[in-house]
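Me: I am new to this structure. Please take one part of it and walk me through that part closely.

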Amino acid sequence: MEAIRNQKLTPLAPQKDSEPLADKGCGCQENSAAKEVSRRTFLKLGLGTLGVIAALEIGAASWLFLQARGQEVQGGKVLAGSVDDFPPGSVTEFKERAFFLIRDPEGGFLAIYRRCPHLGCTVNWQPDGNSFHCPCHSADFDFYGDCEGPPVPRPLDLFAVTIDESRVLVDMSQPQQRDQFSPAQLIYA
Ligand code: FES
């Protein structure tokens, strides 16, 4: 203990900031490179997270928009949207409501029930063929829901459409049967 007490302590020389770290042989350059990589990784992760959040927000907004369309407003009447939401020559599917809203090239509206009048299967819209198709017995219906004949007994049924101050309303309380398509079935704004 006496020897330690008498020993003259030499203060450590202060390390200069400008002194290259590599010269110390401490592996500090590798540490610096590693920090740079982790910073880049962090930035990438941050940007990726922001991208995911933006995508989720867009998805949620679209979902809310689609939810708003197809809302029941009164006594079986469903608000399909505003007239301008449906360009002439378009077919819009309302899956939850089991109908297609078509707007023909002249601007007339028709709400077509998705249920096949043969045995009740669900028909699908085929944009390539500009027609509806029933997968159960391979029946086709044209743009207006008219059928080609047996085994299907009649065209696809309709729901009544009304236009109220540019709002398109579809009355789903009772599907309407018809013998064939007629232009009188189209509703105009
Ligand atoms: S159920 Fe659609 S064609 Fe038979």
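**A close look at strand β5**

Reply: Start with one pair: Leu110 of β5 is the bridge partner of Ile102. Keep in mind that this is a predicted model.

That pair belongs to a longer run of pairing. Strand β4 covers residues 99–103, and five bridges join it to β5. The two strands run antiparallel. Together β4 and β5 make a hairpin, with five residues between them. Look at Gly107 in the turn: its phi is positive, at about 100°.

Now turn to β9, residues 158–164. Two bridges join β9 to β5, and this pairing is antiparallel too. Here Ala111 has Phe159 in β9 as its bridge partner. So β5 pairs with β4 and also with β9, by the rule that two strands pair if at least two bridges are found between them.

How many residues of β5 are buried? Five of the five, across residues 109–113, so the strand is largely enclosed by the rest of the structure. For a residue to count as buried, 20 or more other C-beta atoms must lie within 10 Å of its own. Check the directions next. Phe109, Ala111 and Tyr113 point one way from β5. Leu110 and Ile112 point the other way. Both groups are buried.

What does β5 supply to the largest nonpolar core? The core has 26 residues. Phe99, Leu101, Leu110, Ala111, Ile112 and Val170 touch the most other members. Several strands each supply at least two residues: β2 (77–82), β4, β5, β7 (131–134), β8 (139–141), β9 and β10 (167–176). The largest share of this core, five residues, comes from β5. As a general point, nonpolar side chains tend to be buried together in soluble globular proteins.

Phe99 shows how the part fits together. Leave aside its neighbours within four places in sequence. Phe99 is then in contact with Phe94, Ala111, Ile112, Tyr113, Arg114, Phe159 and Val170. Among these contacts, Ala111, Ile112 and Tyr113 lie in β5. Phe159 is on the list as well, and Phe159 is the bridge partner of Ala111.

To retrace the route: β5 forms a hairpin with β4, is joined to β9 by two bridges, and gives the largest share of the core.

Methods. Residues are numbered from 1 along each chain as its sequence is written. This is a predicted model: local features need pLDDT of at least 70, side-chain atom pairs count only at pLDDT 80 or more; totals for chains, interfaces and linings use all residues. A residue is buried if 20 or more other C-beta atoms lie within 10 Å of its own, exposed if 12 or fewer, and partly exposed in between; C-beta atoms are placed from the backbone. Helices (H or I, at least four residues) and strands (E, at least two) are DSSP runs, numbered from the N terminus. A nonpolar core is a set of buried Ala, Val, Leu, Ile, Met, Phe, Trp, Tyr and Cys residues joined through C-beta atoms within 7 Å. Two residues are in contact if their C-beta atoms, placed from the backbone, lie within 7 Å.
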